[in-house]
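This report describes one protein chain for a reader who is new to structural analysis. Please keep the sequence and the model in view while reading.

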Amino acid sequence: RRPAPPPPPPPPPFRMTTLLKCYKPLLPFQSRKMHIAAAVNSFRYYSRSRLRARCLSTIGNSKSTVDIKVVNGEGTETELRKQQLWLHNTMSKQKELFIPKVPGKVGMYVCGVTAYDLSHIGHARVYVSFDVLYRLSLSLFYIHSYSLFIYFWIIARANELGEDPIKLSRRFCEEFHQDMTYLHCLPPSVEPRVSDHMPQIIDMIQQILDNGCAYRINGDVYFSVDKFPEYGTLSGRKLEDNRAGERVAVDTRKKHPADFALWKTAKAGEPFWESPWGPGRPGWHIECSAMSAAYLGYTFDIHGGGMDLVFPHHENEIAQSCAACRESNITYWIHNGFVNIDSQKMSKSLGNFFTIRQVIDLYHPLALRLFLIGTHYRSPINYTIVQIESASDRLFYIYQALYDCQILSTQHDEASLKDSIPAETANCINKFQDEVLSSISDDLHTPVALAAMSDPLKLINDLLHTRKGKKQALRIESIAALENTIRNVLAILGLVPASYAEALHELREKALKRAKLTDDQVHQKIVERDTARKNKEYDRSDVIRKDLAAVGIALMDSPEGTTWRPAFPLALEEEQVTVP
């Protein structure tokens with residue numbers, strides 16, 4: 001058996017310029033000398049010196065598998081199976097076996113935010129979804145871009161605030177970084193900004209012109225969709241179905257209504273860059289093609305983003321990348337579904353628009369993450385108070401169980417523990433790991449992985465709190481193995497807190513804020529209830545308990561006294577019951 005590798009260093013803070021890293025997976029299946037073991041790959045690092053777009057053909061293929069190993073009673077490892085990763089490809093409209101172009105390396109590019117305001121929970125869903133894939137991938141070179149140049153929205157917002165557009169965009173990029181830190185999204189290998197890649201963008205536009213797939217009009221450069229017969233393959237739209245004026249104002253100078261801008265002439269009062277066609281700025285789509293080619297080449301594995309980017313953004317990316325380099329080929333196009341608010345599309349105009357900051361002001365950031373991965377990434381997700389409350393309540397339950405495990409384990413000398421666990425515990429762990437790996441490798445079915453956590457958590461609580469469980473042979477060894485297994489699965493899902501105790505405290509503080517109470521006020525209510533019970537005023541004590549439960553504060557009685565924990569608000573439960 002290979003010795004376990006040293007723990008990886010903590011992820012660095014988000015930076016615009018960072019060492020490009022080739023991450024190995026945070027595979028979960030480790031335990032302390034128990035029946036379950038697995039090979040865990042260490043981090044590798046590499047750097048790139050050239051950021052010029054290169055036209056390269058596809059390099060060799062290699063199947064992506066995860067080796068799962070089981071240790072038998074004699075302590076020797078036997079291979080259980082090789083797990084293959086399947087991903088839904090928007091291009092083929094079906095799940096496909098993931099096979100990287102370069103053995104041992106995976107290149108992924110995810111389109112970034114247009115930074116002119118605080119990011120909303122739709123943005124959160126994109127980056128949490130791809131963060132799970134990032135953590136899972138065997139070896140990933142992850143590019144996350146920022147649209148940090150002057151779009152109409154940035155200009156309008158800057159004018160509204162009386163701020164320089166570039167400074168405004170940089171400021172909201174930093175705010176986005178903070179949001180991603182809150183949500184435990186690992187920093188990508190590199191975060192290119194459009195404004196830092198004008199030479200690459202201009203070079204690509206010139207290449208498209210040289211290849212006869214674009215034309216110039218008074219300083220503007222347009223892509224000619226008639227020159228690319230495959231236009232519409234990704235979205236399934238026919239060229240004749242594209243109606244002019246749906247996304248941008250109609251420009252009667254264009255040869256075809258669907259032609260799109262690669263370069264726009266500067267308008268008075270707008271920032272601009274010099275180019276062979278005069279001062280101006282890039283169009284909406286060219287920046288992603290140029291930056292992905294600069295870092296990953298024209299052929300790489302995964303291009304991702306929200307479902308709203310399939311058309312026109314990603315459709316146009318394919319067209320212009322292929323026009324610049326005939327060998328351009330991205331194997332897997334992956335898109336996450338929309339976020340709805342109370343079954344309505346999230347929209348500022350409807351007044352149902354929630355930023356990440358608004359949500360995490362009242363709920364723990366990891367409760368938001370748990371909510372987001374509680375629905376399959378390709379399905380629409382419906383954000384409601386009921387759903388986020390449920391996620392918060394579940395998170396507290398998970399962390400409380402694991403915290404109790406840690407407290408009990410610290411009371412025992414690790415050297416005195418045996419290197420085995422009962423068959424019941426081993427079977428529970430094996431079943432859990434098998435379900436998690438099968439679901440995650442099947443197009444990232446995180447809801448199934450989360451549901452599979454129920455059995456080991458139930459076993460933990462039985463061992464911790466029931467009379468029968470406390471008498472179980474090798475109880476401490478079982479608890480340690482279960483806690484370690486669940487923690488490693490939480491690592492893949494990005495749900496491991498800095499400490500369980502700290503996370504539980506933060507969840508309690510958020511619950512108090514939602515209830516509009518302080519901890520002192522809750523404890524005063526507990527004292528009042530205790531007094532009522534001593535005086536046999538049971539109706540009064542029940543009212544106090546019910547009033548607190550209505551706002552999400554559950555009282556827990558024990559021989560040691562009464563404590564409280566956050567809970568799903570009783571008032572919301574009653575509302576749901578009354579809704580037909």
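Two residues are said to be in contact when heavy atoms of theirs lie within 4.5 Å. Among contacts in the protein chain between residues at least 6 apart in sequence, 75% join residues at least 24 apart. The model examined here is a predicted one. The protein chain contains 18 helices and 20 strands, and 52% of its 580 residues count as buried.

**A pair of helices**

Helix α10 (residues 423-441) has 19 residues. From its first C-alpha to its last, α10 reaches 27 Å, close to the 27 Å expected at 1.5 Å a residue. Buried residues of α10 include Thr 425, Cys 428, Ile 429, Phe 432 and Val 436. After α10 comes Asp 443, which has a positive phi near 60°.

Helix α10 packs with helix α14 (residues 475-493) at an angle of about 5°, and their axes are 10 Å apart. Angles under 35 degrees count as roughly parallel, and therefore α10 is described as roughly parallel to α14. On the side of α10, the contact is made by Thr 425, Cys 428, Ile 429, Phe 432, Gln 433, Val 436 and Ile 440. On the side of α14, the contributors are Ser 478, Ala 481, Leu 482, Thr 485, Ile 486, Val 489 and Leu 493. Sorted by class, this contact has 10 nonpolar and 4 polar residues, and no charged residues.

**Two open sheets**

One open sheet has 4 strands in the order β10-β11-β12-β13, with antiparallel pairing. Strands β10 (214-217) and β13 (280-282) stand at the edges; each has a single partner strand, so one side of each is left without a neighbour in the sheet. On average, and with direction ignored, neighbouring strands of this sheet are turned by 20° against each other. Strand β10 pairs with β11 (residues 220-223) in the antiparallel sense over 4 bridges, and Arg 216 stands opposite Val 221 in β11.

In another open sheet, 3 strands follow the order β17-β16-β18, and the pairing is mixed. Its edge strands are β17 and β18 (381-383), each of which pairs on one side only. Strand β16 (residues 339-341) and β18 pair in the parallel sense over 3 bridges. The bridge partner of Asn 340 in β18 is Asn 382.

**A loop residue with distant contacts**

Phe 354 is found in the loop between β17 (344-345) and α7 (356-360). Its relative accessibility is 29%, so Phe 354 counts as partly exposed. Which residues does Phe 354 touch, not counting residues up to four places away in sequence? They are His 120, Ile 121, Ile 341, Met 346, Val 359 and Tyr 383. Ile 121 is 233 residues apart from Phe 354 along the chain, yet their C-alpha atoms are separated by 6.4 Å.

**Backbone details**

Most residues other than glycine have a negative phi, and most peptide bonds are trans. The table presents two residues with a positive phi.

| Residue | Phi | Loop | Relative accessibility |
|---|---|---|---|
| His 184 | about 65° | between α3 (165-182) and α4 (198-210) | 25%, partly exposed |
| Lys 516 | near 60° | between α15 (500-515) and α16 (519-534) | 71%, exposed |

The peptide bond from Phe 311 to Pro 312 is cis, with omega near 5°. Pro 312 belongs to helix α6 (residues 310-324).

Conventions. Residues are numbered from 1 along each chain as its sequence is written. This is a predicted model: local features need pLDDT of at least 70, side-chain atom pairs count only at pLDDT 80 or more; totals for chains, interfaces and linings use all residues. Side-chain values use heavy atoms; hydrogens and water are left out. Axes are lines fitted to C-alpha atoms, for helices over the stretch in contact, and angles run from 0 to 180 degrees between N-to-C directions. Angles under 35 degrees count as roughly parallel, over 145 as roughly antiparallel, 65 to 115 as roughly perpendicular and the rest as oblique. Ala, Val, Leu, Ile, Met, Phe, Trp, Tyr, Cys and Pro count as nonpolar, Asp, Glu, Lys and Arg as charged, and the others, Gly among them, as polar. Buried means under 20% relative accessible area, exposed over 50%, partly exposed in between (1.4 Å probe, protein chains only). Two strands pair if DSSP finds at least two bridges between them. The expected span of a helix is 1.5 Å times one less than its number of residues.
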